[in-house]
Structures are given as structure tokens and as C-alpha cells.
Protein chains: 2
Amino acid sequence: MTGLRERKKAATRRAIQDHALRLFLDRGYDRTTVADIAEAAGVSPMTFFRYFPTKEDVVEYDEYDPVLAELVVARPAEEHALAAVGAAVAAALATLGEGELATVLVRTRLVLRTPALRARRSAGEGATRDLLAGALARREGREDATHAHRVAAAAAVAALTTALEIWVDEDGRRHLAAVVDEAFGALLDGVGHRAPGG
Amino acid sequence: MTGLRERKKAATRRAIQDHALRLFLDRGYDRTTVADIAEAAGVSPMTFFRYFPTKEDVVEYDEYDPVLAELVVARPAEEHALAAVGAAVAAALATLGEGELATVLVRTRLVLRTPALRARRSAGEGATRDLLAGALARREGREDATHAHRVAAAAAVAALTTALEIWVDEDGRRHLAAVVDEAFGALLDGVGHRAPGG
DNA sequence: GCGGGAAGTGATAGTAACTCACACATGAGA
DNA sequence: TCTCATGTGTGAGTTACTATCACTTCCCGC
């Protein structure tokens, strides 16, 4: 695990990622070529693609998905699916510190404001949806997700994404957890599972 | 309106689109180059890009959005936002004939199964969300969409998209309206509280 | 009906993301 | 130390997409 080879590889990967993010924030995503990134990181353009299949992939969207799925499975089966996901997200967010949240804000802003990255993210949401749908099924002791589970998962991801957008729009002035709570609350109000107002 | 110039332009646009769709279905999206399409349509690659900014744009996603928005505005203000959108979609679908629906199925299948097109579509959903959010606001006599409207619109689009996925998965065996109704119903009733499938 | 101007088109040349084939070097294991 | 797998660079190529310029064809005011 700690061979020189693997450490070098990890360092190279990190270097590419760090320089890429710095350049993207500095001069914009489209104004930064892969060649620029490679040169800044001290590798050849080839090597860039050995580490990341596409230019978009160099911006990693922190993957809390598996954690979130487990938290969803742990929620009581009687709870409304959207409420379960909302609670799971709240629990996941509680583990994030101020610094981490600030980093997430910067990166989320970059992704949401760059069409190419936004499209990439949308595509990735499909995986999150599937994972969540499976988690909702397992929460009820089912093996496979039903159509209802898929719809609920899709709606939950949509609520989460909208919360992130609102959070970025507000420049992170409110705590992300508050915005997420508001978003899921709004959905649940409409469905009659929560008292209106808030 | 009926100048020779404009008619030719429309014909060229149509020719490019038709040949593109045919080639995509025939040999796949990635296996078809813009040069192939241009040659089949009898124009230069340059001209292709004069008509469509990107290769992805040549696959048009029928734009029912404005119609849908108006139908949403017409729903009673007391109705739940999701129910309002669901009813509006049902009304919009009622105007489609068998043939049109079959075309939508073919095109939707192509889009959902081609990563590049799927990503493009996801990006376009942002516009639909904004339009729907505005419609939900206007339905209540408001001028601007609140956060709640945005979340509801996002959830509605997610439900609609999931319905389309399920519809394609089932190869269009059920009527799209039935699948859409099931999807919105699942969201309104709550997961696991309604028999899935039909 | 005609002549000036605009609009559509093509050829050429270029940028940038990504791929492939091959050769080299260096760290890992015997 | 020797071997070999693995990471890396070089170079050449494909494809989406852009910019410039020149040519043709249609439209419209005279």
C-alpha cells in the first residue's frame, strides 16, 4: 500500500487535480486547456488522460452517496420516503466541518456555473438516484426498487440539487443544512406530511 | 414568410435532422460523424454547424414546455403543486396521437441510451424547471418563484423524467399517460403506500 | 427588370479533446 | 542483481467545433 510507486501515483493525481482546480477558478474552465493543466502539474498531456478519462472528471464531486444510502436504509420503514432522505442528508451534513463546507461551496459554485461540468454532474445524478432507490427499497425489506421508489429517489435528488443551487445563489450565507431542510420541508408540505409554514 | 430562401433553409434544416436521426438509429450516435450527416444531407460540414451549434442539438427534444407551463398556470391555486403539474402533463399528453407517441418513444429511447444526448437533455431540464417554477408562482398570483416553487418544479421534472425512463424500459407497452399518472401518484401518496405497476 | 446588398454556402486552416502504438525508464520482487 | 510489470513520453491521428474569406443566389428598392 505504501510502495514508492503508489505514493508517486497518488501525488501525481493530486497534483493534476490541484493545479486543474486552481487554473479553473483562476481563468475559467473553458479558458484552461488540458495542456495547461499538464504543464502546470509537470506531466505530459497523455498522462493527464491516464489519470482522468475526461477533462470534466478532474473536478471530483465529493462522493457521499454510499454513506447517504446507508443512512437512508437505517431510517424507519413507516417514514415517508422523502422525509427519510431528508433526515439522512441532515445527518450526513452534521459530520461536515466549517472548512469542508467552504470547500464544497467553492467547488459547487464552479460546477453549477460551468455548463460542461453541470452536464457531467447531471449525468452522475443518475447513479445517485439508482443508489437511493435501492436504499429506499431495502429500508422496507425489499430487494428491488419499485417504480415508486425510483420516483421518490429522483424527487429527493432533485430537491437536494435545488437546495445546492439556492445555497450557491445565496453565496453560502445560510448553513447548507438549513437550506436542505427547507427544500425537503417544502416538498413534504405539498404532500401533506408536515404542517405548512417555515 | 414563404420566400424561396426561407423555404430552402427550412428544407435544409429538416434534411440534416432527418438524415442525422436515421444515421443515429442505424449505426449509433458515436459511430456517426458530423461529416457523415453533412454528406448524407448534401451539405458541407460547415453548414451543419450553421444550423445546429453542436452535434447533440440536431436531436430536438420536442418542446412542449411552454404549453405545459400555461396548463399549469390554469390549474386551481389550492391544488398541490405536484398534483397541478401532474394534471397539466396529463392534459398535454391527451393531445398526442398514437403516431406522435411512437415517434416520441423512438427519440426518447435514443436520447436516454446515448450518454452524450442524455447529458445534454439533463442540462436542458434546467430551463424546464425554471419555466415550471415560474408557472407555479403565477398560478398563485405571484410574480417570482419562491424556493418552494423551485423545489416543487424540480421534483415534478424528476418525476416526469423517471416516468419517461420507465416508459422506455417497458418499451412503451403502457400508455405514457398511465406511467406519468403512476409516477405523480407515487409521489403524492408516498412510497410503499400504493401498489406499484399496473 | 435590374442592380446593390444581404444571406447562405463552401474551402481552407486551425484549436482542443481525446486515442493509439510504440519505445523507454524505473521501481518491485526474486 | 536481474527481470518484469508499470508508469510515462513521443508522435501521429480522429473528431467536434471555430474563424476568415470569397462566391453564389435570392430579395428588394428603384
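Guide: Before we look around, one bit of sorting: Ala, Val, Leu, Ile, Met, Phe, Trp, Tyr, Cys and Pro count as nonpolar, Asp, Glu, Lys and Arg as charged, and the others, Gly among them, as polar. Keep in mind, too, that this is a predicted model.

Visitor: How do those classes turn up on the surface near DNA strand C?

Guide: That surface has 8 nonpolar, 7 polar and 5 charged residues.

Visitor: What makes a residue part of that surface?

Guide: A residue counts as near a strand if one of its heavy atoms lies within 4 Å of it. Around DNA strand C there are 20 residues, and A:Leu4, A:Met46, A:Lys55, B:Thr47 and B:Arg50 come nearest.

Visitor: Which parts of DNA strand C lie within 4 Å of the protein?

Guide: Of the strand C atoms within that distance, 56% belong to sugar or phosphate, and the rest belong to bases.

Visitor: Why is the pair formed by B:Arg5 and DNA strand C called a polar contact?

Guide: The cut-off is a pair of N or O atoms within 3.5 Å. A side-chain N or O atom of B:Arg5 sits 2.8 Å from a base nitrogen of DNA strand C, so the pair qualifies. B:Lys9 passes as well, so it counts too, with a side-chain N or O atom 3.0 Å from a phosphate oxygen of strand C. For A:Val34 the atom is a backbone N or O, 3.3 Å from a phosphate oxygen of DNA strand C.

Visitor: Which elements give two or more residues to the surface near DNA strand C?

Guide: Those are helix H1 (4-27) and helix H3 (45-51) of chain A, together with helix H1 (4-27) and helix H3 (45-51) of chain B. H3(B) gives the most, with 4 residues.

Visitor: And what surrounds DNA strand D?

Guide: There are 21 residues around DNA strand D, the closest being A:Arg5, A:Thr47, B:Leu4, B:Arg5 and B:Lys55. Of the strand D atoms that come within 4 Å of the protein, sugar and phosphate account for 57%. The largest share of this surface, 4 residues, comes from H3(A).

Visitor: How do you know that A:Ser44 makes a polar contact with DNA strand D?

Guide: A polar side-chain atom of A:Ser44 lies 2.9 Å from a phosphate oxygen of DNA strand D. The limit is 3.5 Å, so this pair is inside it. An N or O atom in the side chain of A:Lys9 is 3.2 Å from a phosphate oxygen of strand D, and for B:Lys8 that distance is 3.3 Å.

Visitor: On to helix packing. Why is H1(A) called oblique to H2(A)?

Guide: Their axes come within 9 Å and cross at roughly 125 degrees. Roughly perpendicular covers 65 to 115 degrees and roughly antiparallel needs over 145, so this angle falls among the rest and H1(A) is oblique to H2(A). The crossing is right-handed. Residues that meet there include A:Ala15, A:Ile16 and A:Phe24 in H1(A) and A:Ile37 and A:Ala40 in H2(A).

Visitor: What makes H8(A) roughly perpendicular to H9(B)?

Guide: Helix H8 (residues 147-169) of chain A and helix H9 (residues 176-189) of chain B pack at about 70 degrees, their axes 9 Å apart. Angles of 65 to 115 degrees count as roughly perpendicular, so H8(A) and H9(B) earn that name. Among the residues in contact are A:Val151 and A:Ala155 of H8(A) and B:Ala186 and B:Leu187 of H9(B). By class, the contact has 7 nonpolar, 1 polar and 1 charged residue.

Notes
Residues numbered from 1 in each chain as written. Chains lettered and ligands numbered in written order. Predicted model: local features only at pLDDT ≥ 70, side-chain atom pairs only at ≥ 80, totals over all residues. Heavy atoms only, no water. Polar contact = N/O pair within 3.5 Å; in protein donor to acceptor, adjacent residues only side chain to side chain. Axes fitted to C-alpha atoms, helices over the stretch in contact; angles between N-to-C directions. Parallel < 35°, antiparallel > 145°, perpendicular 65-115°, else oblique. Left-handed = near helix turned anticlockwise from the far one by under 90°. Contact = heavy atoms within 4.5 Å.
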